[in-house]
Amino acid sequence: MNVLEFQKQKSKRKLTMVTCYDTWSARLIAGTSIDAILVGDSLAMVMHGHPTTLPATTALMALHTKAVARGLGSQLLVADMPFLSYRKGLRTGVEAAGTLMQAGAHAVKLEGARGHLDLITHLVDSGVPVMGHLGLTPQSIHQLGGFKVQGQNPAEFDRIHQEALDLERAGCFSVVLECVPSKLAARITADLKIPTIGIGAGAETDGQVLVLQDMLGTNEGFKPKFLRTFMRGADLIKDALNDYDREVKSGSFPNDKESYT
Ligand code: KIV
C-alpha cells in the first residue's frame with residue numbers, strides 16, 4: 001500500500017498498523033491483511049531494553065528499517081525519526097529523513113508540531129511523505145512527566161486539536177494520536193481530511209496502531225487500559241521452550257526421523 005492508497009481509506013474502512021523491527025516479523029506480517037508497518041523508536045525499549053525511546057539514533061532506526069524492508073510484503077513502511085534528529089535544523093533533519101528513506105522506508109514519522117512545521121513542508125516538497133504524532137509523544141517523556149494521557153484539560157485539548165490542523169496544513173499524510181481522550185480524537189478525525197491513527201485514542205480514529213509485542217501478549221506486565229492482547233504470546237512461547245527443553249533432556253528429541261543416516 002502506498003501513502004495515497006493509505007489516505008484514500010479515510011471514511012471507507014479502518015486502517016491497521018503494527019510496529020515491526022526485524023525481518024522475521026516483517027515476513028509474518030507480509031502474510032496478513034495489515035495495512036502498514038511502523039519501525040517505531042519504541043524499539044529502543046522493546047528490543048534494546050531501554051526505559052524510554054530516547055536512546056534510539058538515526059543509525060539504529062536505519063539498521064532496523066533495512067531489516068524490516070528485507071521481509072516486507074505489500075505494507076506501507078513508516079520509520080520513526082528518533083529523538084532530536086529533526087530538531088537540529090533543516091539540513092540535519094533532511095539528512096536523517098534521507099537515511100531512513102534510503103534504508104527502505106516509504107515515509108517518516110515525527111512527534112509534535114511546534115518548531116518543525118517548516119521541516120515537514122520541506123520534506124514533503126522533497127518527496128518524503130511525513131506522518132505526524134500528537135498527544136503522548138514519548139520523546140518528550142521528561143517534559144510530560146511520564147507516560148500519561150494528554151489533552152484532558154481544555155487548553156491542552158485545544159492545543160492538540162490546533163496542532164493536528166497545523167500538521168495537515170504542513171503536508172502530513174496522516175497523524176498518529178496517542179493516549180488522548182476519545183472525544184479529542186473524534187473531533188480531530190472529523191476535522192482533518194487526512195487519516196488519524198489511534199493508540200489509546202478510542203474507536204473514532206480512522207485506524208489503530210499497536211506495538212506488535214504488546215498485542216501478541218509477549219510483553220508481560222505491560223497492561224495499559226488501551227491494550228488488547230490478541231494472543232497469549234508469552235505463555236505460548238514459554239510452553240514451546242519448555243517442551244523443547246523437556247524433550248531434549250528426556251532423549252525424545254531428536255528422533256530417528258529428525259536425524260541423518
Ligand atoms: O514508536 C512507536 O512504537 C510509536 C507507536 C506507539 C505509535 O510511535
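## Exercises on a predicted model

In this predicted model, an oxygen atom of the ligand is 3.1 Å from an N or O atom in the side chain of D80.

**Exercise 1.** Starting from D80, work out which residues surround the ligand and how much of the ligand's area the protein buries.

*Solution.* Begin with the surroundings: the ligand is enclosed by T19, L38, G40, D41, S42, D80, K109, H133, V176, I199 and V209. Next, look at the individual distances to oxygen atoms of the ligand, where a polar side-chain atom of D41 lies 3.0 Å from one such atom, and a polar side-chain atom of K109 lies 2.9 Å from an oxygen atom of the ligand. Finally, turn to the area: the ligand taken alone exposes 260 Å², and 95% of that is buried by the protein.

**Exercise 2.** Determine how helix α6 is oriented relative to helix α8, and identify which residues make the contact.

*Solution.* First locate the two helices, α6 at residues 117–125 and α8 at residues 154–170, whose axes come within 8 Å and cross at roughly 30 degrees. Because angles under 35 degrees count as roughly parallel, α6 is roughly parallel to α8. Then list the contact, to which α6 contributes L117, I120, T121 and V124, while α8 contributes D166, L167 and A170. Sorted by class, the contact of α6 with α8 has five nonpolar residues, one polar residue and one charged residue.

**Exercise 3.** Find where S11 sits in the chain and state what is notable about its phi angle.

*Solution.* Place S11 in the loop that runs between α1 (3–8) and β1 (15–19). Then read its backbone angle: phi of S11 is near 65 degrees, which is a positive value in a residue other than glycine.

**Exercise 4.** Decide whether the peptide bond from F253 to P254 is cis or trans, and place P254 relative to α11.

*Solution.* Consider omega for the bond from F253 to P254, which is near -5 degrees, and the bond is cis. As for its position, P254 belongs to the segment after α11 (233–250).

Definitions and conventions
Residues numbered from 1 in each chain as written. Predicted model: local features only at pLDDT ≥ 70, side-chain atom pairs only at ≥ 80, totals over all residues. Heavy atoms only, no water. Axes fitted to C-alpha atoms, helices over the stretch in contact; angles between N-to-C directions. Helix = DSSP H or I, 4+ residues; strand = E, 2+ residues; numbered from the N terminus. Parallel < 35°, antiparallel > 145°, perpendicular 65-115°, else oblique. Contact = heavy atoms within 4.5 Å. Nonpolar A, V, L, I, M, F, W, Y, C, P; charged D, E, K, R; others polar. Near = heavy atom within 4 Å. Polar contact = N/O pair within 3.5 Å; in protein donor to acceptor, adjacent residues only side chain to side chain. Areas by Shrake-Rupley, 256 points an atom, 1.4 Å probe, with all protein chains shown as cover.
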